[in-house]
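Welcome, and thank you for joining this short tour. Please have your viewer ready, with the cartoon display switched on, and follow along one selection at a time.

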Amino acid sequence: VFLSLVKTDEGQSVDVGNGYIYVGDWNTAKLTTIDVSNPRNPTVVHQNSLDGFGDGVYVKNNYVYVSTGHHSRNMGAYEKEGDPGYGKGHGLEIYSLSDPSKPEFVSRVKFPQFYRRGDDMWNVEVSGDYAYCADTYNGVFVVNIKNPQKPFIVGYYNYPGDRNFVAGITAVDDYIYAACYNSGVHVLYAKDIAKRCT
């Protein structure tokens, strides 16, 4: 039964925890926090500025993990090729939920620069000490997040080909499944770095 509606800038992805919804807002490059303690009257209570365009969000263990892409907001102009932030918005950002109503930036890890208009989806799932990231044409990244203040990349996979990009991702013990446009689901063996996402 439909209860209510709350507007965000340009919501791409959503996850929930502690009575709050966290939204990856696209072109405005925001992480938007919404209080849903009263589901009939959800209220935007906070926004964080992301370095790249916002998309995938995942809440786990008092942290929210946000996938970003396209252009870097922290590097000045970015609209055209040659601008300092052009194509440099790709990565994973980590925010503390010590206060769930106001996420606090902890760290980020960056992925390689690229820009391709149109096919632009970035997703993240988290389990144990790892975040599994789908970064469109950049492929799959596995990020060690054991110390959220110092994340680092421990695994990478990409399947080359025109218009072949990773759109979705999930992990089950020792395996990562990547949904790739034009080529199907890729099964990746990732012993000891793929844990079951619940």
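Our starting point is the lining of the largest pocket, whose residues divide into four nonpolar, four polar and three charged. Keep in mind along the way that this is a predicted model.

**Stop 1: the largest pocket**

To see this lining, select Trp-26, Asn-27, Phe-53, His-70, His-71, Tyr-78, Glu-79, Tyr-115, Arg-117, Gly-118 and Asp-120 and show them as sticks. The pocket that they line has a volume of about 150 Å³.

**Stop 2: a sheet of four strands**

Next, select residues 11-17, which make up strand 1, and residues 43-49, which make up strand 4. These belong to an open sheet of four strands, and its order is 1-2-3-4. The pairing here is antiparallel. Strand 1 and strand 4 are at the edges with a single partner strand each, so one side of each has no neighbour in the sheet. If you rotate the view, look for the turn between neighbouring strands of this sheet, which is 25 degrees on average, direction ignored.

Now add residues 20-25, which are strand 2. How many bridges join strand 1 to strand 2? There are six, and the two strands run antiparallel. For one place to zoom in, pick Gly-17, which has Tyr-20 of strand 2 opposite it.

**Stop 3: a hairpin**

Move on to strand 9, residues 122-127. Is this strand mostly covered or mostly open? Mostly covered: five of its six residues are buried. Select residues 130-135 as well, and you have strand 10, which pairs with strand 9 in the antiparallel sense over six bridges. One pair to label is Val-126 and its bridge partner in strand 10, Ala-131.

Together, strand 9 and strand 10 form a hairpin, and two residues lie between them. Click on Gly-128 in the turn: its phi is positive, at about 60 degrees.

**Stop 4: a sheet of three strands**

For the last stop, find the open sheet that three strands form in the order 13-14-15, with antiparallel pairing. Strand 13 (166-172) and strand 15 (184-189) are the edge strands, and each pairs on one side only. From one strand to the next, the twist averages 20 degrees.

Finish by selecting strand 14, residues 175-180, together with strand 15: six bridges hold this antiparallel pairing. Ala-179 is a good residue to end on, with Val-185 in strand 15 as its bridge partner.

Key:
Residues numbered from 1 in each chain as written. Predicted model: local features only at pLDDT ≥ 70, side-chain atom pairs only at ≥ 80, totals over all residues. Heavy atoms only, no water. 1 Å grid on protein atoms, 1.4 Å probe; cavity = no way out; pocket = protein on both sides within 12 Å on 5 of 7 lines; lining within 4 Å. Points joined across faces, edges and corners; volume = space filled by probe spheres on them. Nonpolar A, V, L, I, M, F, W, Y, C, P; charged D, E, K, R; others polar. Pairing = 2+ DSSP bridges. Axes fitted to C-alpha atoms, helices over the stretch in contact; angles between N-to-C directions. Buried < 20%, exposed > 50% of the residue type's maximum accessible area, 1.4 Å probe, protein only.
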